[in-house]
Amino acid sequence: MKLTAKSVALIPIIATVATAAIGATLIAPPVANAATTLAAAAQQSGRYFGTAVAASRLSDSTYAGILNREFDMVTAENEMKMDATEPNQNQFSYGNADRIVNQARSQGKRIRGHALAWHSQQPGWMQNMSGTALRNAMLNHVTQVATYYRGKIYAWDVVNEAFADGSSGARRDSNLQRTGNDWIEAAFRAARTADPGAKLCYNDYNTDDWSHAKTQAVYRMVQDFKSRGVPIDCVGLQSHFNSQSPVPSNYQTTLQNFANLGVDVQITELDIEGSGSTQAQNYQRVTQACLAVARCTGITVWGIRDTDSWRASGTPLLFDGSGNKKAAYNSTLDALNAGGGPGPTTTTTTTTTTTTSNDPGTGGCSATVSLNQWNEGFVATIKVTAGSTALRGWTVSTTLSNGTVTGSWSATRSGNSGTVNWTNVDYNANVPAGGSTEFGFQGSGNGSGLNPSCTAR
Ligand code: G3I
């Protein structure tokens with residue numbers, strides 16, 4: 001967001017109005033030029049704001065209207081699970097998942113894939129399998145589904161909920177776990193091979209409190225995977241909160257500690273039961289915690305209206321049953337617009353945005369970069385714009401003199417320092433004349449001087 005002398009002068013007035021509207025306890029006054037949707041507000045810091053979507057609700061115009069307006073990331077609530085996508089062994093069924101994927105892509109939204117391997121929601125034929133047959137069936141499932149959606153998914157929940165609740169810190173007992181402790185890493189390797197451009201996440205619940213045994217156990221697994229080169233890029237914290245499981249005081253610490261392992265963190269299924277200003281404050285705290293952690297790349301809420309929720313009676317979402325914005329919506333939006341919070345615990349973040357471009361010429365393309373740089377790393381978002389002729393494919397060359405790429409999305413990379421070339425993935429190859437598309441990457445070190453140049457293919 002840009003602050004001018006005139007807009008800064010408006011802040012106290014707007015802050016007073018907002019405080020009166022949603023309670024005196026909110027500490028993040030909105031700023032002038034504030035974004036007016038969750039997605040736009042999150043994009044100001046290079047993050048996304050997503051929601052779970054049910055295919056059966058897409059025909060509801062209120063639901064679809066809010067979805068299209070407010071969110072830029074979509075997770076299929078049930079339609080990409082094992083029972084939905086492989087109802088009979090080796091017979092894959094993508095109809096409902098495709099409805100969600102196609103709707104999201106037609107609106108320029110990205111997609112989180114949920115979930116490739118899970119002890120729950122297995123199709124009947126898989127539930128009674130064991131041993132090598134089950135391991136192979138699971139790997140085949142991961143390979144087939146990730147291949148089908150290759151290039152279309154921002155991040156996969158490769159494995160979901162594989163750790164036990166309680167104080168044991170053990171893996172959850174399941175038919176998959178009984179195939180051998182290495183089933184999780186086997187699933188991640190299969191997913192990487194099948195969809196090399198997607199971020200690969202481990203996703204779980206009750207992993208929000210840093211002091212809990214389950215959180216510690218997941219942390220140790222991710223640490224182990226990173227040390228042995230198992231391909232993992234992100235950790236998803238589902239973050240289903242209610243009075244029995246409130247937002248922990250050390251939530252930001254948990255996010256930061258996972259991020260410090262060299263993975264992104266994502267809040268993947270956020271809902272917080274309650275109402276009014278208490279619920280609004282909790283949403284604000286969660287949002288601020290993500291914003292304070294440089295590698296917390298986005299937040300997804302688990303549904304749109306309270307009545308869409310798997311916990312509808314707890315009214316845990318941002319819109320009421322009629323589609324009206326709740327106090328929790330306002331506090332979340334304000335927190336996103338404030339763009340800060342207390343700041344990272346281990347690094348001092350300084351954000352600068354620089355833009356460079358090259359001449360599109362007549363039939364070619366141009367590339368501009370928006371850079372978010374902090375002490376030890378950066379996120380670069382590159383916008384590719386077609387010239388006077390539509391693109392059917394493109395390559396962007398960047399120069400990374402003092403840094404190393406650690407992750408990327410929506411492009412295929414060659415090299416990770418020095419000259420790094422980026423080529424479209426299938427869903428963003430076609431760009432209409434004068435239109436544009438984006439891809440991005442994060443890295444360690446200094447991302448300045450990328451000087452992107454675009455070539456039509
Ligand atoms: O669509 C059928 C309907 O035709 C049938 O009449 C009805 C009878 O029970 O079932 C309907 O399907 C239900 C489906 O939700 C759609 O509403 C399933 O029974 C029910 O099991 C399913 O629940 C989903 C649950 O995952 C299954 O594990 C919830 O919608 C979904 O929100 C929930 O999501 C999970 C995440 O995947 C993982 N993390 C926890 C989260 C919440 O439980």
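The legends below describe close-up views of a predicted model, covering the ligand site, two helix pairs and two points of backbone geometry.

**View 1. Residues that surround the ligand.** In this predicted model the ligand is surrounded by 13 residues, and the closest of them are Glu-77, Lys-81, His-114, Glu-161 and Glu-269. Sorted by class, the shell around the ligand consists of 3 nonpolar, 6 polar and 4 charged residues.

**View 2. Polar side-chain atoms at the ligand.** Lys-81, which is among the closest residues to the ligand, has a side-chain N or O atom 2.7 Å from an oxygen atom of the ligand. Trp-302 places a polar side-chain atom 2.9 Å from an oxygen atom of the ligand, whereas for Gln-238 a polar side-chain atom lies 2.9 Å from a nitrogen atom of the ligand. The ligand taken alone exposes 780 Å², and the protein buries 45% of that area.

**View 3. Packing of helices α7 and α8.** Two packed helices are described by the angle between their axes together with the distance between those axes. Helix α7, formed by residues 131-148, packs with helix α8, formed by residues 183-194, at an angle of about 30°, and their axes are 8 Å apart. Because angles under 35 degrees count as roughly parallel, α7 and α8 are described as roughly parallel to each other. The crossing in which α7 passes α8 is right-handed.

**View 4. Packing of helices α9 and α10.** Helix α9 spans residues 213-228 and helix α10 spans residues 251-259; the two pack at an angle of about 15°, with 10 Å between their axes. This pair is therefore roughly parallel as well, and α9 and α10 cross in a right-handed manner.

**View 5. The peptide bond between His-114 and Ala-115.** Most peptide bonds are trans, but the bond that leads from His-114 to Ala-115 is cis in this model, with omega near -5°. Ala-115 belongs to strand β3, which covers residues 110-118, while His-114 is also one of the closest residues to the ligand.

**View 6. Backbone conformation at Gln-121.** Most residues other than glycine have a negative phi. Gln-121, although a residue other than glycine, has a positive phi, with a value near 55°. Gln-121 is located in the loop that runs between strand β3 and helix α6, the latter comprising residues 124-127.

Definitions and conventions:
Residues numbered from 1 in each chain as written. Predicted model: local features only at pLDDT ≥ 70, side-chain atom pairs only at ≥ 80, totals over all residues. Heavy atoms only, no water. Near = heavy atom within 4 Å. Polar contact = N/O pair within 3.5 Å; in protein donor to acceptor, adjacent residues only side chain to side chain. Areas by Shrake-Rupley, 256 points an atom, 1.4 Å probe, with all protein chains shown as cover. Nonpolar A, V, L, I, M, F, W, Y, C, P; charged D, E, K, R; others polar. Axes fitted to C-alpha atoms, helices over the stretch in contact; angles between N-to-C directions. Helix = DSSP H or I, 4+ residues; strand = E, 2+ residues; numbered from the N terminus. Parallel < 35°, antiparallel > 145°, perpendicular 65-115°, else oblique. Left-handed = near helix turned anticlockwise from the far one by under 90°.
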